[in-house]
Amino acid sequence: MQTTSDPVATPEPAAPPRGMTLVELIGQADALVAEGRLERAIALYRLGLRLSPATLGLHFNLALALLRHEHPQQAIHHFDTLLNAPDQPDWLRQRARQGLAVALEQSGNTAAAAAEYRRLLQVEPNNFAVLRQLGTLYRDLGLHERALEAFDHCHRLWPAHAGIAVELAQLRLSQADWAAAPDAAAAASLANACLQRPAGVEPPAPQVFLQLPGALMLATLAELAHA
């Protein structure tokens, strides 16, 4: 859900402080993003683009900041600008396309988002982050078989990832795949994996385990929440 705050609410400075270079301006904006001061960072990125509209990195950083500030439609414009530029390195094109897919998904255009994720996977079929995003999108759309395929690929790439293991367990249960679905012992093993230091690998929320077979003690759920 988009916020009511407008990223242009913070007035864009007319010019950078005296003596500040474009590189320093970008560095200051990046630091503001790291601090969560997104409106101020967006204003500085926009100033940078006014001074140097051909700097592709500014379009990329501004798009990411707008995405974090929950303004995906505005982010899409800058991702598109970057992707339509004739001269750009392949790595930046891939990152911009991934950002565009996320922005499309956040704006509700799930079909276009899924198409972008699939296009990314044609170039990098083992891109874990993209596979996970596509799997999550399919799961949220109720396309459980496609989600299962994507998460299964993720699991093969990163078998120790606790969050992916739980996603797979839930999907297999939803598909009534009793042979592959976890039993109570396997669910307890997943919970234990999430408690290992460092706390599993992106462990899921503890309430997720309430949907799996077996029953966890309240003390174990509290440990999972802490992890």
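**Reading helix α6, an aromatic pair and H59**

What covers the buried residues of α6 includes α5 (90-106) and α7 (128-140).

Colleague: Before we begin, what kind of model is this?

Modeller: This is a predicted model.

Colleague: Which residues of α6 are buried, and how should their spacing be read?

Modeller: An α-helix has 3.6 residues a turn, so residues three or four places apart point the same way. In α6, the buried set consists of A113, A114, E116, Y117, L120 and L121. Viewed down the helix axis, these residues fall within an arc of 160 degrees, so they line one face of α6. On the other side, A111, Q122 and V123 are exposed.

Colleague: How does the span of α6 agree with its number of residues?

Modeller: Helix α6 (residues 110-123) has 14 residues, which at 1.5 Å a residue should span 20 Å; the end C-alpha atoms are 20 Å apart, in agreement.

Colleague: How many aromatic pairs does the structure hold, and how is such a pair described?

Modeller: The structure holds two. In the pair of F60 and F79, the ring centres are 6.3 Å apart and the planes stand at 65 degrees, so the pair is edge-to-face. Because F60 lies in helix α3 and F79 in helix α4 (residues 72-83), the pair ties together parts 19 residues apart in sequence. Both F60 and F79 are buried. In general, a pair of aromatic rings is described by the distance of the centres and the angle of the planes.

Colleague: Is H59 buried or exposed?

Modeller: H59, in helix α3 (residues 56-68), has 8% relative accessibility and therefore counts as buried. Beyond its neighbours within four places in sequence, H59 is in contact with L49, P53, H78, T81 and L82.

Terms used:
Residues numbered from 1 in each chain as written. Predicted model: local features only at pLDDT ≥ 70, side-chain atom pairs only at ≥ 80, totals over all residues. Heavy atoms only, no water. Helix = DSSP H or I, 4+ residues; strand = E, 2+ residues; numbered from the N terminus. Buried < 20%, exposed > 50% of the residue type's maximum accessible area, 1.4 Å probe, protein only. Contact = heavy atoms within 4.5 Å. Phe/Tyr/Trp six-rings, centres within 6.5 Å; stacked < 30°, edge-to-face > 60°. Expected span 1.5 Å × (residues − 1). Arc of directions from axis to C-beta.
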